[in-house]
Amino acid sequence: MIDNLLLGFQTALTPENLLWCFIGVLMGTIIGLMPGLGSTTGVAILIPLTLTLEPVTALIMLAGIYYGAQYGGTITSVLISTPGEAASVVTTLDGYQMARKGRAGAALAISAIGSFVAAIISLALLMALAPPLADLALNFGPVENLAIMILGLVIVVSFAGGSMARGLMMAAAGLLISTVGVATGFSDARFTFGNIDLLGGIPFVEVMIGIFAVGEVLYQIRIGAAEPIKARFRDMLITKDELKRSAGPIVRGSGIGFALGILPGAGSTLASFMSYGIEKKVSKNRRLFGKGAIEGVAAPESANNAAANANFVPTLALGIPGGGTTAVLLGAFTIYGLQPGPLLFETQPTLVWGLLVSFFIGNVLLLILNLPLAPVFAQMLRIPYGFLYPIILLTSFIGAYAVSNNMFSVVLVLIFGLLGYVMKELDMPVAPLVLGLVLGPLFEKALVQTSALGQGDFSIMLESPISVVILALALLMGVGPMLLGRLRVARRSRRSVTESEKVDV
């Protein structure tokens with residue numbers, strides 16, 4: 001292991017590789033700032049620019065774009081409630097509320113710190129456990145993936161706020177939206193109304209931009225433009241108390257993100273949602289979630305970054321993409337004449353370890369770049385909203401159009417912008433709808449595959465020990481809070497009865 005690390009540092013610390021690593025994280029941050037682009041599109045667009053570079057240098061740059069975009073998406077999530085990356089959606093729930101309270105700098109700073117710590121933890125695990133974890137990931141088939149999707153849907157209760165019924169209703173709406181298009185494993189078109197633009201389903205990016213960005217702008221215009229935030233520069237800096245409160249969520253988020261990131265297809269988005277949901281259950285400040293809790297920023301941002309690094313476990317060790325961006329990177333490997341898989345660690349040790357060590361270096365560069373700039377970015381909130389809202393709308397529509405070069409995407413953004421506005425007016429939770437939309441296609445695919453394996457008998461899920469453990473955890477998370485609530489009510493009633501008896505005596 002030590003020899004491999006030394007080889008990795010020797011490869012990654014050359015002036016050329018350091019330069020391209022810096023260019024990658026910088027361009028990734030800029031790409032993440034643009035709604036609708038994201039790391040997958042950014043990497044795909046910039047692959048042709050790397051064809052003249054050495055394979056290891058090219059991959060170091062492309063990987064830098066990947067995790068740089070994760071942080072870039074956080075900046076717009078916090079400042080203007082516009083997630084630049086799908087994995088940054090959860091960050092808007094508390095990050096934007098912190099910004100509205102003049103704590104945008106602290107939210108961005110803890111995002112940078114959490115991402116860095118998560119990178120260190122996940123990279124240490126990645127380097128030490130990649131081969132055995134790759135073997136473990138091979139044991140996850142459709143049955144186990146279906147169990148994970150069920151667990152993810154149970155987590156939706158955590159996003160329901162004060163009303164479980166509302167949360168479940170919005171999650172069901174998200175699942176319903178995800179069914180638009182051609183059915184998984186079949187050729188039937190559903191809910192397309194003869195529109196060919198809907199055959200591929202309703203794209204997540206357009207929904208995200210519409211509900212969060214356009215919906216927020218419409219709502220703010222209706223209630224009257226808020227005054228620009230006039231917090232002092234020092235008020236935007238992170239405090240010792242906030243760092244202390246964030247330590248646990250960062251560690252837990254890193255673990256959750258890495259565990260889900262090693263599963264092919266799970267991706268950073270599911271990791272950030274799950275981390276937020278679990279943190280909301282275990283946190284001492286759970287009542288502050290959704291109102292500007294720094295834990296609600298630290299946990300998903302750490303999970304998001306850890307999952308991004310863990311995505312490389314199945315990609316490098318098995319040749320199976322861990323997510324959308326790693327699927328594009330897998331294509332880049334092929335272009336450079338490389339074959340990811342079990343033999344890659346033996347046949348290309350210089351490339352593999354140089355790439356892994358570059359993740360550490362790239363995250364150090366991101367921390368150096370973004371931590372001092374967090375309060376500077378937060379100064380954007382001093383701009384009068386009469387100027388800021390048109391910029392947000394213009395950026396949103398340009399980003400939507402750039403996704404598919406189709407005006408239909410702009411129409412979708414307008415429709416879901418109106419939906420987002422109505423949901424805010426009715427105080428309906430947004431996160432369950434988004435989570436349902438994210439998990440819908442994954443859930444349907446696993447459901448169809450499991451049904452085919454069991455020939456329509458879903459008791460096959462009870463034959464897998466891994467599936468049983470995950471389902472038990474889902475049951476515990478679903479029923480546990482209700483049982484605890486009833487126990488608390490029973491204890492309070494017993495105490496009141498005891499106290500009344502003492503008074504009578």
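**Salt bridges, loops and surface patches in a predicted chain**

Glu444 counts as buried because its relative accessible area is 16%; buried here means under 20%, exposed over 50%, and partly exposed in between (1.4 Å probe, protein chains only). The model is predicted, and local features therefore need pLDDT of at least 70 and side-chain atom pairs pLDDT 80 or more, while totals for chains, interfaces and linings use all residues. Residues are numbered from 1 along each chain as its sequence is written, and side-chain values use heavy atoms, with hydrogens and water left out.

The protein chain contains 21 helices and two strands, both taken as DSSP runs numbered from the N terminus (helices H or I, at least four residues; strands E, at least two). Of its 505 residues, 52% count as buried. The chain exposes about 21800 Å², and 68% of this area is supplied by carbon and sulfur atoms; accessible areas were obtained by the Shrake-Rupley method with a 1.4 Å probe, and for residues only the protein chains shown count as cover. Among contacts (heavy atoms within 4.5 Å) with a separation of 6 or more, 79% join residues that are 24 or more positions apart.

Side chains of opposite charge can pair when their charged atoms come close. A salt bridge is counted when a side-chain nitrogen of Lys or Arg lies within 4 Å of a carboxyl oxygen of Asp or Glu, and by this rule the model holds four salt bridges. One of them joins Arg190 to Glu444, with 2.7 Å between the closest N and O atoms. This pair connects distant parts of the chain, since Arg190 belongs to strand S2 and Glu444 to helix H20, 254 residues apart. Arg190 is partly exposed because its relative accessible area is 21%.

A further salt bridge is formed by Arg103 and Glu242, whose closest N and O atoms are 2.6 Å apart. Here too distant parts of the chain are linked: Arg103 is in the loop between helix H5 (91-100) and H6, Glu242 is in helix H10 (residues 240-261), and the two are 139 residues apart. Arg103 counts as buried because its relative accessible area is 19%, and Glu242 is likewise counted as buried because its value is 10%.

The side chains of Arg245 and Glu295 also meet in a salt bridge, at 2.9 Å from N to O. Arg245 lies in helix H10 and Glu295 in helix H12 (residues 295-310), so this pair ties together parts of the chain that are 50 residues apart in sequence. With a relative accessible area of 26%, Arg245 is partly exposed, whereas Glu295, at 2%, is buried.

Helix H20 (431-453) also takes part in a contact between distant residues, described here from the side of Leu175. Leu175, in helix H8 (residues 164-178), is partly exposed at a relative accessible area of 25%. Leu175 and Gly436 are separated by 261 residues in sequence but by 4.7 Å in space, C-alpha to C-alpha. Apart from neighbours within four places in sequence, Leu175 is in contact with Leu153, Gly436, Leu437 and Gly440.

The loops were considered next. Most residues other than glycine have a negative phi. Phe191, which is not a glycine, has a positive phi of about 55 degrees. Phe191 is found in the loop between S2 and H9 and is partly exposed, with a relative accessible area of 45%. The loop between strand S2 (189-190) and helix H9 (204-223) also holds Thr192, which counts as buried at 9% relative accessibility. Beyond neighbours within four places in sequence, Thr192 is in contact with Gly181, Leu198 and Leu199. A positive phi, near 55 degrees, is also found at Gln455, another residue other than glycine. Gln455 lies in the loop between helix H20 and H21 and is exposed, with a relative accessible area of 76%.

Two patches were identified on the surface. Patches consist of residues with over 30% relative accessible area and no salt bridge, like charges being joined within 9 Å and nonpolar side chains (Val, Leu, Ile, Met, Phe, Trp, Tyr) within 5 Å. Lys and Arg count as positive and Asp and Glu as negative, without His and the chain ends; each charge is placed at NZ of Lys, CZ of Arg, CG of Asp or CD of Glu. The positive patch is made up of Lys101, Arg286, Arg287, Lys291, Arg491, Arg492, Arg494 and Arg495. Arg492 is located in helix H21 (residues 465-504) and counts as exposed at 59% relative accessibility. The nonpolar patch comprises Phe9, Leu13, Leu18, Ile120 and Phe360, which together have about 370 Å² of accessible area. Ile120 lies in helix H6 (residues 104-138) and is partly exposed at 31% relative accessibility.
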